[in-house]
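Here is a short guided tour to read alongside the structure. Keep the viewer open, and follow along at your own pace.

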Amino acid sequence: YGDISQITEQILFEKYEIVRLLGCGSFAKVYQARNIQTGQSVAIKSMSKKSIIKERLVSNIKREISIMRQLHHPYIVKLFEVMATKTKIYFVMELVKGGELFAKVAKCRFSEDLSRRYFQQLISTVGYCHSHGVFHRDLKPENLLLDDKGDLKVTDFGLSAATPQLQNNGLLYTLCGTPAYVAPEILAQKGYDGAKIDIWSCGVILFVLSSGYLPFNDQSLMAMYQKIYKGEFRVPKWTSPGLRHLFSRLLDTNPVTRITVDEIIQDPWFRKGYKEINFDE
Ligand code: ADP
Ligand code: MG
């Protein structure tokens, strides 16, 4: 595991005191904890090595670590340290206190103004990642957290791909992501552009935020895939013309004509109140 410090469970618990369970993901448990010496509150993501090896995800974990160490952005969760015991890997991360965006939108759909605010923060983050050659590939409300100011924090780069992953023609080939947020070209399995699939997921997220339901949904997975494949979705009747137009550009089934981050930033519905910040300076 390269530069991950090897410790014993005892060393971990002498340094951090577990406060409570924050959430469970596909194969990780995330706890709130406190650095006993400094009093700093942190989040600790714990993953069992067994399940990682069983799912052949060792390279994914290494990638998640190197990607998170490389990215410094106000809307991306910071990684402080990585430790491993004989059986587990622990990520010590910045604690995000406001819960999942998903929990908030599950209660009540957002106004267009509030949806726009989160979408602007999401696009700012995605644009930053893409300019660093990183594609998230698993963007969905469960991986979007809120801090105590109500701002976005993107987490879970477990599926993300950095540029060296690209194959011959610059396309990615792994089947990944979560069914409802997956772009049609992933289903087609002919290779895809990592930037374009993140844009598609951002389109699904914006749809969920502003309407309160998924654009492509069905009891059967096959039927859902069919709808995604055809790009069949219906916007709620209260949707403004500007947002309607943006949906048609984000959820364009053709990745070549689908809107890009640079074009989104020029979109009139998107631009309202948008402050462009260059985080590299
Ligand atoms: P997985 O890779 O298994 O999906 P995640 O990294 O998405 O795991 O974490 C699982 C859940 O734990 C998240 O959906 C979220 O609710 C919670 N969580 C993750 N990271 C943090 C954090 N830094 N602060 C607070 N809660 C977090
Ligand atoms: Mg997750």
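The report below covers the sheet, the ligand shell and two helix contacts. Please keep in mind that this is a predicted model.

**The sheet**

Let's start with the strands. In what order do the six strands of the open sheet lie? Reading across, the order is β1-β5-β6-β4-β3-β2, and the pairing is mixed. The edge strands are β1 (5–6) and β2, each of which pairs on one side only.

The table sets out four of the pairings, with the bridges that join the strands and the direction in which they run.

| Strands | Bridges | Direction |
|---|---|---|
| β1 and β5 (residues 79–84) | two bridges | parallel |
| β5 and β6 | five bridges | antiparallel |
| β3 and β4 | seven bridges | antiparallel |
| β2 and β3 | seven bridges | antiparallel |

Some residue pairs make handy landmarks for finding your way across these strands. At the β1 edge, Ser 5 stands opposite Met 83 in β5. One step further along, Val 82 stands opposite Phe 91 in β6. Towards the other edge, Ala 33 is a useful residue to click on: Val 42 in β4 stands opposite Ala 33, and Ile 18 stands opposite Ala 33 in β3.

Two hairpins are worth tracing along the chain. One joins β5 to β6 through three residues, and another joins β2 to β3, also through three residues.

**Around ligand 1**

Now turn to the ligand. Which residues come nearest to ligand 1? Of the 21 residues around ligand 1, the nearest are Gly 23, Gly 25, Ala 28, Val 30 and Asp 156. The sheet has a clear part in this shell: β2 (16–24), β3 (28–35), β4 (41–48) and β6 (88–94) each supply at least two of its residues. By type, the shell around ligand 1 holds ten nonpolar, six polar and five charged residues.

**Helix α5 against helix α7**

Next come the helices. Two packed helices are described by the angle between their axes and the distance between the axes. For helix α5 (residues 112–131) and helix α7 (residues 194–211), the axes come within 10 Å and cross at roughly 165°. Angles over 145 degrees count as roughly antiparallel, and α5 and α7 are therefore roughly antiparallel to each other. The crossing in which α5 passes α7 is right-handed.

Which residues meet here? From α5 come Glu 112, Ser 115, Tyr 118, Phe 119, Leu 122, Ile 123, Val 126 and His 130. They meet Ala 195, Asp 198, Cys 202, Ile 205, Leu 206, Leu 209 and Ser 210 in α7. The residues of this contact between α5 and α7 divide into ten nonpolar, three polar and two charged.

**Helix α7 against helix α9**

Helix α7 has a contact with helix α9 (residues 241–250) as well: their axes come within 9 Å and cross at roughly 150°. Is the crossing of α7 and α9 left-handed or right-handed? Here α7 passes α9 in a left-handed crossing. On the α7 side, the contact is made by Ile 199, Trp 200, Cys 202, Gly 203, Leu 206, Phe 207 and Ser 210. On the α9 side, Leu 243, Phe 247 and Leu 250 take part. This contact of α7 with α9 has eight nonpolar residues, two polar and no charged.

Definitions and conventions:
Residues are numbered from 1 along each chain as its sequence is written. Chains are lettered from A and ligands numbered from 1 in the order in which they are written. This is a predicted model: local features need pLDDT of at least 70, side-chain atom pairs count only at pLDDT 80 or more; totals for chains, interfaces and linings use all residues. A residue is near a molecule or strand if its C-beta atom, placed from the backbone, lies within 6 Å of it. Helices (H or I, at least four residues) and strands (E, at least two) are DSSP runs, numbered from the N terminus. Ala, Val, Leu, Ile, Met, Phe, Trp, Tyr, Cys and Pro count as nonpolar, Asp, Glu, Lys and Arg as charged, and the others, Gly among them, as polar. Axes are lines fitted to C-alpha atoms, for helices over the stretch in contact, and angles run from 0 to 180 degrees between N-to-C directions. Angles under 35 degrees count as roughly parallel, over 145 as roughly antiparallel, 65 to 115 as roughly perpendicular and the rest as oblique. A crossing is left-handed if the near helix is turned anticlockwise from the far one by less than a right angle, and right-handed if clockwise. Two residues are in contact if their C-beta atoms, placed from the backbone, lie within 7 Å. Two strands pair if DSSP finds at least two bridges between them.
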